[in-house]
Amino acid sequence: MPPVIDPLINSYLKRTSQGRFSSIKRISFIFVVLTFLSGAGIFFFKVYNYLLTFNLFGQSLIFRIMENLLLIFFFMILFSNFLTAMTTYFRSPEVELLFSLPLRPERVLRLRFLETGLYASWASLTVVIPMLLSYGVVIGFGMDEAVLILIAVLLYTGIGAALGSLLLLILLKLFPGLGNRFSIAAIILGGILAYLYFWFGKPQLFRVFELSTELELARFIEDLGEIGSIYLPSNWLAFFIQRLFSSQSWLIYLALLFFTGLALYLILIEFGQRFYREIWLKQREFVTGRVKTFSRLLGQNLGRTMAIVAKDIIIFFRNPTQWVQLLIFSILMLIYIFSIYRSRFLFSSPFWKAVIGFANFAYVAFLFATLGVRFIYPSISTEGRCFLLMKAMPMRIRTLLFAKLIIYATAAIIIGELLMLTTSLILSADPGILRISLVVIGIAIFTIVAINLGIGCIIPDFAETNPSKLAAGGGGVIAGLACLAYTFLIIALFARPLFFYLRGNPAQARPLFLISLLIFILLSFSISLLAIKIGSRRLAGTEF
Amino acid sequence: MNKPLVIQGLTKSFNNKPAVVDLSLEVESGEIFVLLGPNGAGKTTTIKLINGLLAPDKGRILIGGIDLLEKPELAKARIGLVPDIPFLYENLTGREFLYLIGRLRRLEEGAIEQGIETLNPYLDFGDWFDYRCGGYSHGMRQRIMFAQALLHKPELLLIDEPMVGLDPRAMLKIKKLLRVLKRDGVGIFISTHLIPLAEELADRLAVIDHGRLKYCGNRPDFSGRIETIFLNATGD
């Protein structure tokens, strides 16, 4: 029976769509998602159109980019499902209720699978779908092709989701007591294996920066072979898209996606039917126990704000779904630094230094706009029902907000500044530009933190405790879009003086830069103040 | 000396539906005041209003003579609250939770430890005290809730349904603790729908229904006939 026909799942979907989502929130959510989809679609459309102007390698490069991104998103979907499943399959109070009902474990599992898949995959789909459909628009496709692409994307996502859930269940069945440490080990091991695969299996990838002519680049792309592996669903999807638009037979790849997805789903269900309840029961034994992580932190002589900071640090590091995701992001940041390091000699001219320096700034800003939604926006809601006690304390509720601001602004600014400093030093950036970049990125990150906390106070959901779900919910999307809009705005602000600088007109660029800097500071300050002020007022007015 | 709690003309509605209507009452020092009422009568709303968790539409709340609406922080410093559902931070231990609350109430480490030691005979903090709250039973959570409410030696203790989830032994100890607190001059305001509990503990009793005060009297007046008073007041 397909999952959506299951009455239990239907009632869940109905509750999810009606329960906590008022119609205004739902409309806002749909609006922002559509805006994001259109934005991403327009972006890819422009990139593809630009690349197609290079007759020699444009088409091949588009395919390589697509293949590469599909590979990255496949692993993101897989990891995200793996991590989210830990909470949705084992730690959610709903599971307890479901297992107390006369239901077969397989039905509970299907419900959990659907929930995990939805929450852990939708963000990746908002990029993958416009990326593929834009290609179709550029090439010129019909409704049939669009439907086929959507079906293929769903199958590709389903494979990642099923594999993520299945891997977690198998690992917990084999090593029930390893828990958090196992998650880190699995991720680090996965990263090392991926690196070794590319180092030994695709050494040519590491030589991309040694190419100097278009012809060499075209030959390189042609000789590269598949970026991932012929056994990966990302490659099947990429080949399917390529063949669909070149009138070749694509059925084999769609069939591969379909049958692999179906097989994994059936294996997951069968495995779940046999072992899910047993693994769940075993996991409950590991919930309790004497804890040592940061156990003396609250024993220090702390003021109110610092006590909340200490509490948040303890909770963060005792919640594997939080720090394991941070670990993944840290690995991605290291990969980014490594890429900059590998390609640094390409950017020795002042022109490229300026371009890459600016792109680096934009990247760091976008990175924190994304990270903020996942880690900072949910921090108010994750107070949960304990927010009632916080309100009962003899303190202004803005103390709570300031404590969050201290934690997240400090952590984010330190990470952001380190990232900016490292990459700028690798690129041998001009010391003056480096200093300005550090100040600007610091202010930008602080504003992003303020936006996330402000929206977290305005649209809290104290009934939800899973940060991933909160980030994926309506409020999270609005916070994400607000941060992205701010990031676009500041990039646009500084792009103009850079343009004049690159056109060899530094005399015109300098005053324009100073004006941009002033507007940026005023804008960031106003946004931060407004977000904190409105957030603080809304939080104080929240009634339980 | 100011009374721990004085409420005058308290009114609160939700979406034009009255939850508490023109409620006036007082709690003396060393007195156990029990607010009795059926489910949905407005008991929890009253407790939340007294603690500043809800803003009243009308009326005054004085905690030890301090107006809650004018000086909320000062007033809240004199209150201890045991809510109806014992929510804790699942990833903190019971001890850490009490330390957090102690810090938020500006207590020194010595005062927190002393508070824990004083309360231990009544609340039985065992080994579980240093385990994560996520693994606690309802009774353990309720005991941590009592501890956090009493750590700072409040003038007024607000308790919403105090015996929910407690085993008979824990219930006895809590009752003993309440009597000790009463002896020490703490004003105790309990909301419940349990008639035997009211009969056993109350020095003064009020019955509320549909947000309106239907009865308020002292022990000699209600002793042995709470059930009749309750049924008459609630219209059954």
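In chain A, 81% of the contacts with a separation of 6 or more are made by residues 24 or more positions apart. The model described here is a predicted one. The secondary structure of chain A comes to 20 helices and zero strands, and 49% of its 544 residues count as buried.

Chain B combines nine helices with ten strands. Of its 236 residues, 58% count as buried. For contacts in chain B with a separation of 6 or more, residues 24 or more positions apart account for 67%.

## A helix of chain A

Helix α19 of chain A covers residues 474–502. This helix has 29 residues and spans 41 Å from its first C-alpha to its last, close to the 42 Å expected at 1.5 Å a residue. At A:Ala495 the helix α19(A) carries a kink of about 30°, shortly before the proline A:Pro497. After α19(A) comes A:Gly504, which has a positive phi, near 75°.

## The six-stranded sheet of chain B

Six strands of chain B form an open sheet with mixed pairing, in the order β6-β7-β8-β3-β9-β10. Strands β6 and β10 (212–218) of chain B stand at the edges; each has a single partner strand, so one side of each is left without a neighbour in the sheet. On average, and with direction ignored, neighbouring strands of this sheet are turned by 15° against each other.

Several pairings in this sheet run parallel, and the table sets them out with one pair of opposite residues for each.

| Strands | Sense | Bridges | Opposite residues |
|---|---|---|---|
| β6(B) and β7(B) | parallel | four bridges | B:Leu81 and B:Leu158 |
| β7(B) and β8(B) | parallel | five bridges | B:Leu157 and B:Ile188 |
| β3(B) and β8(B) | parallel | five bridges | B:Phe33 and B:Phe189 |
| β3(B) and β9(B) | parallel | four bridges | B:Leu35 and B:Ala206 |

Strand β3(B) is mostly covered, with five of its five residues buried. On one side of β3(B) lie B:Ile32, B:Val34 and B:Leu36, and on the other B:Phe33 and B:Leu35; both faces are covered. The edge strand β6 of chain B, residues 79–82, is likewise covered on both faces. There, B:Ile79 and B:Leu81 are buried on one side, and B:Gly80 and B:Val82 are buried on the other.

Two helices of chain B lie across strands of this sheet. Helix α6 (residues 168–183) of chain B lies across β3 (32–36), β7 and β8, and runs at about 145° to β8(B). Helix α9 (residues 226–233) of chain B lies across β3, β9 (204–209) and β10, and its direction is at about 30° to β9(B).

## B:Gln148 and its surroundings

B:Gln148 belongs to helix α5 of chain B, which covers residues 138–150. This glutamine counts as buried because its relative accessibility is 1%, below the cut-off of 20%. A polar atom of the side chain of B:Gln148 lies 2.7 Å from the backbone oxygen of B:Leu81. B:Leu81 is itself a residue of β6(B).

Leaving aside residues up to four places away in sequence, B:Gln148 touches residues of both chains. Those of chain A are A:Leu389 and A:Met393. Those of chain B are B:Leu81, B:Pro83, B:Phe97, B:Leu98, B:Ile101 and B:Arg105.

## The four-stranded sheet of chain B

Another open sheet of chain B is formed by four strands in the order β2-β1-β4-β5, with antiparallel pairing. Its edge strands are β2 (17–27) and β5 (66–67) of chain B, each of which pairs on one side only. Between them in the order stand β1 and β4. Strand β1 (residues 5–14) and strand β4 (residues 58–63) of chain B pair in the antiparallel sense over five bridges. Within β4(B), B:Arg60 is the bridge partner of B:Gln8.

A helix also lies across strands of this sheet. Helix α1 (residues 43–50) of chain B lies across β1, β2 and β4, and runs at about 120° to β1(B).

Methods. Residues numbered from 1 in each chain as written. Chains lettered and ligands numbered in written order. Predicted model: local features only at pLDDT ≥ 70, side-chain atom pairs only at ≥ 80, totals over all residues. Heavy atoms only, no water. Pairing = 2+ DSSP bridges. Contact = heavy atoms within 4.5 Å. Axes fitted to C-alpha atoms, helices over the stretch in contact; angles between N-to-C directions. Expected span 1.5 Å × (residues − 1). Bend = angle between axes of the 7 residues up to and from the residue. Buried < 20%, exposed > 50% of the residue type's maximum accessible area, 1.4 Å probe, protein only. Polar contact = N/O pair within 3.5 Å; in protein donor to acceptor, adjacent residues only side chain to side chain.
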